[in-house]
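These are my notebook entries from one sitting with a structure. I wrote down what I looked up, in the order I looked it up.

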Amino acid sequence: MNDEERTEDLAQLLARLKSEYDVNESEIARRIGVAPATVNAWVNRKRGTGRGPNPVKLRALAQAFPKFTEAQIFAAAGRKAPGPLSPEDEEDLLKLFGRLTKEQQEMLKIQARALGDSNQTAP
């Protein structure tokens with residue numbers, strides 16, 4: 001994703017969200033299950049030690065405030081949106097995972113984390 005495709009950052013999107021839904025940072029935090037300080041850090045463009053907002057929390061933001069799509073939220077956060085996972089796909093993945101040795105499971109988790117982290121776009 002280049003700068004031309006990314007028209008607003010997460011702080012700007014959250015400002016629109018707060019106005020559109022007439023909510024404050026604490027209410028956003030409550031609805032998506034994070035600390036108010038987390039939302040405040042997003043609003044003030046403070047980066048923690050992680051690689052940006054957690055994709056699970058970004059999805060929760062889209063679910064809690066449906067006027068903003070996952071695509072919009074992930075793009076504003078500088079992340080690529082994860083693909084959909086149907087219940088059938090999730091069940092298949094768990095069955096496959098269950099057939100692996102403990103060492104293979106650990107290796108697969110490391111690989112999956114690395115792939116997920118690679119969805120962070122350059123600032």
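**Entry 1: W42.** I began with W42 and listed its contacts, meaning heavy atoms within 4.5 Å. Leaving aside neighbours within four places in sequence, W42 is in contact with L10, A11, L14, I32, P53 and K57. I then looked up where W42 sits, and it lies in helix 3. Helices here are DSSP runs of H or I with at least four residues, strands are runs of E with at least two, and both are numbered from the N terminus. W42 is buried, with a relative accessible area of 11%. Buried means under 20% relative accessible area, exposed means over 50%, and partly exposed is in between, with a 1.4 Å probe and protein chains only. I also checked W42 against G52, which is 10 residues away along the chain, and their C-alpha atoms are separated by 9.0 Å.

**Entry 2: what kind of model this is.** The model is predicted, so I noted its limits: local features need pLDDT of at least 70, side-chain atom pairs count only at pLDDT 80 or more, and totals for chains, interfaces and linings use all residues. Residues are numbered from 1 along each chain as its sequence is written, and side-chain values use heavy atoms, with hydrogens and water left out.

**Entry 3: the whole chain.** How many helices and strands does the chain have? I found seven helices and zero strands. Buried residues make up 27% of the 123 residues. I looked at contacts with a separation of 6 or more, and 64% of them are between residues 24 or more positions apart. The chain exposes about 8,300 Å², and carbon and sulfur atoms supply 53% of this area. The areas come from the Shrake-Rupley method with a 1.4 Å probe, and for residues only the protein chains shown count as cover.

**Entry 4: the core.** Next I looked up the largest nonpolar core. A nonpolar core is a set of buried Ala, Val, Leu, Ile, Met, Phe, Trp, Tyr and Cys residues joined through side-chain atoms within 4.5 Å. This one has 22 residues, and L14, L17, I28, I32, V39, L61 and I73 touch the most other members. Helix 1 (10-21), helix 2 (25-32), helix 3 (36-43), helix 4 (55-64) and helix 5 (70-76) each supply at least two residues of this core. I followed V39 further: beyond four places in sequence, V39 is in contact with E25, I28, A29 and V34.

**Entry 5: helix 4.** Which residues of helix 4 are buried? I listed L58, A60, L61 and A62. These buried residues pack against helix 1, helix 2 and helix 5. At the N-terminal end of helix 4, N54 acts as a cap, with a side-chain oxygen 2.6 Å from the backbone nitrogen of V56. That is a polar contact: a pair of N or O atoms within 3.5 Å, where within protein one must be able to donate a hydrogen and the other to accept it, and residues adjacent in sequence count only if both atoms are side-chain atoms.

**Entry 6: the rings.** Rings of Phe, Tyr and Trp (its six-membered ring) pair if their centres lie within 6.5 Å; planes under 30 degrees apart count as stacked, over 60 as edge-to-face and the rest as tilted. By this rule I have two aromatic pairs. Y21 and F65 are edge-to-face, at 4.9 Å centre to centre and 75° between the planes. Y21 lies in helix 1 and F65 in the loop between helix 4 and helix 5, so the pair ties together parts that are 44 residues apart in sequence. The rings of Y21 and F68 have centres 6.4 Å apart and planes at 40°, so this pair is tilted. Y21, F65 and F68 form one aromatic cluster.

Are these residues buried or partly exposed? Y21 is partly exposed at 21%, while F65 is buried at 0% and F68 is buried at 4%. The charged end of K67 sits over the ring of Y21, 5.1 Å from its centre. The rule there is NZ of Lys or CZ of Arg within 6 Å of the ring centre and within 35 degrees of the ring normal.

**Entry 7: two buried charged residues.** D9 is in the segment before helix 1 and counts as buried at 18% relative accessibility. A polar atom of the D9 side chain lies 3.1 Å from the backbone nitrogen of A11. R79 is in the loop between helix 5 and helix 6 (87-98), and R79 is buried at 5%.
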